[in-house]
Amino acid sequence: MNELGHLQVGLPDPGARLPADAPTGLQKLDIGSRRDSYLYVPGDYTAQQPLPLVLLLHGAGGHAHDGLHILLHLADQVCLILLAPASHASTRDIIARRGYGQDLALVDRALAFAFAHYAVDSERLGIGGFSDGASYALTLGLANGELFTHVLAFSPGFIGPMAQRGAPEVFISHGDADRVLPIDHCGRTIARRLDAAGYGLVYQEFHGGHFIPSDIASQSVDWFLGTNQPSGAQLG
């Protein structure tokens, strides 16, 4: 693995021969992970109709199902494939060991599995997460902007070391009473940095602490799918 956060997987091949009977619903992934990782495919999926996909990353101390549940309640309603790899340790490699390793490799394998078995819309390919998962999603999303079209970061703390590629659209939300990752040093600072760098950015603040309000999750999905464009907060 490199130290710049670059993934090896390529974009989904629109001409690939895909299984006609690939299972739908929730399934564990057999991709060599130390802890269980998951894939969720809406019941209406067919190999003839590519669907948008979001790779979701849980926060520190969490598990893959915590990442999955960020958007699971919306997946069937909007026909969204969700991919949730678990971190190897209690949090992601760049935080736990200050460098890329097993977690980056697992993201590569998870995406490769999804692309080999399901029709994925390469124009709606997102990466998202909560807390430390949001920090990792921002880091990998910006490092792999030729792959990911959108980044959904809920209460992120930082952007890790990486070399920028491409220019994905970014959605950030943060609670104004967050005591785990305070908004002034985290969400607001990150948003100003990305805005100054010219990224397409929607930044949403809400009244509350370190969590994801249901309306924020819905707004992020509407934004990701292009069905509604939230106005976002003003950056001072």
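Which residues does L111 touch, not counting residues up to four places away in sequence? Select L111 in this predicted model, and then display L7, V9, L53, L55, L83, L147 and F148, which are the residues that L111 touches beyond that sequence limit.

**The largest nonpolar core**

Keep L111 selected and add L83 and L194. These three residues touch the most other members of the largest nonpolar core, which has 47 residues. Next, colour helix α4, residues 102-117; this helix gives the most to the core, with 7 residues. As a general background to this view, nonpolar side chains tend to be buried together in soluble globular proteins. For contrast, select A75, F130, L152 and F206, which are included in a second, separate core of 25 residues.

**Helix α4**

Return to α4 and show its side chains. The buried residues of α4 are D103, L104, A105, L106, V107, D108, A110, L111, A114 and F115. To see what covers these buried residues, display β3 (51-57), β4, α3 (93-96), β5 and α5, which are among the covering elements. The viewer's distance tool may then be applied to the two ends of the helix. The end C-alpha atoms of α4 are 23 Å apart, which agrees with the 22 Å that its 16 residues should span at 1.5 Å a residue.

**Strand β2 and its partners**

Now select strand β2, residues 38-41. Y38 and Y40 point one way from this strand, whereas L39 and V41 point the other way, and all are buried. Add strand β1, residues 25-28: β1 and β2 run antiparallel and are joined by 4 bridges. Within this pairing, L39 of β2 is the bridge partner of Q27. Then bring in β4, which pairs with β2 in the antiparallel sense over 3 bridges. Here Y38 stands opposite A84 in β4.

**Two residues with positive phi**

The tour ends at two backbone positions in loops. Most residues other than glycine have a negative phi. Select C79, in the loop between α2 (72-78) and β4 (81-84). C79 is not a glycine, yet has a positive phi of about 55°. Is C79 buried or partly exposed? Its relative accessible area is 23%, so C79 is partly exposed.

Finally, move to S131, in the loop between β5 (120-130) and α5 (132-143). S131 likewise is not a glycine and has a positive phi, of about 60°. With a relative accessible area of 8%, S131 is buried.

How values were computed:
Residues are numbered from 1 along each chain as its sequence is written. This is a predicted model: local features need pLDDT of at least 70, side-chain atom pairs count only at pLDDT 80 or more; totals for chains, interfaces and linings use all residues. Side-chain values use heavy atoms; hydrogens and water are left out. Buried means under 20% relative accessible area, exposed over 50%, partly exposed in between (1.4 Å probe, protein chains only). Two strands pair if DSSP finds at least two bridges between them. A nonpolar core is a set of buried Ala, Val, Leu, Ile, Met, Phe, Trp, Tyr and Cys residues joined through side-chain atoms within 4.5 Å. Contact means heavy atoms within 4.5 Å. The expected span of a helix is 1.5 Å times one less than its number of residues.
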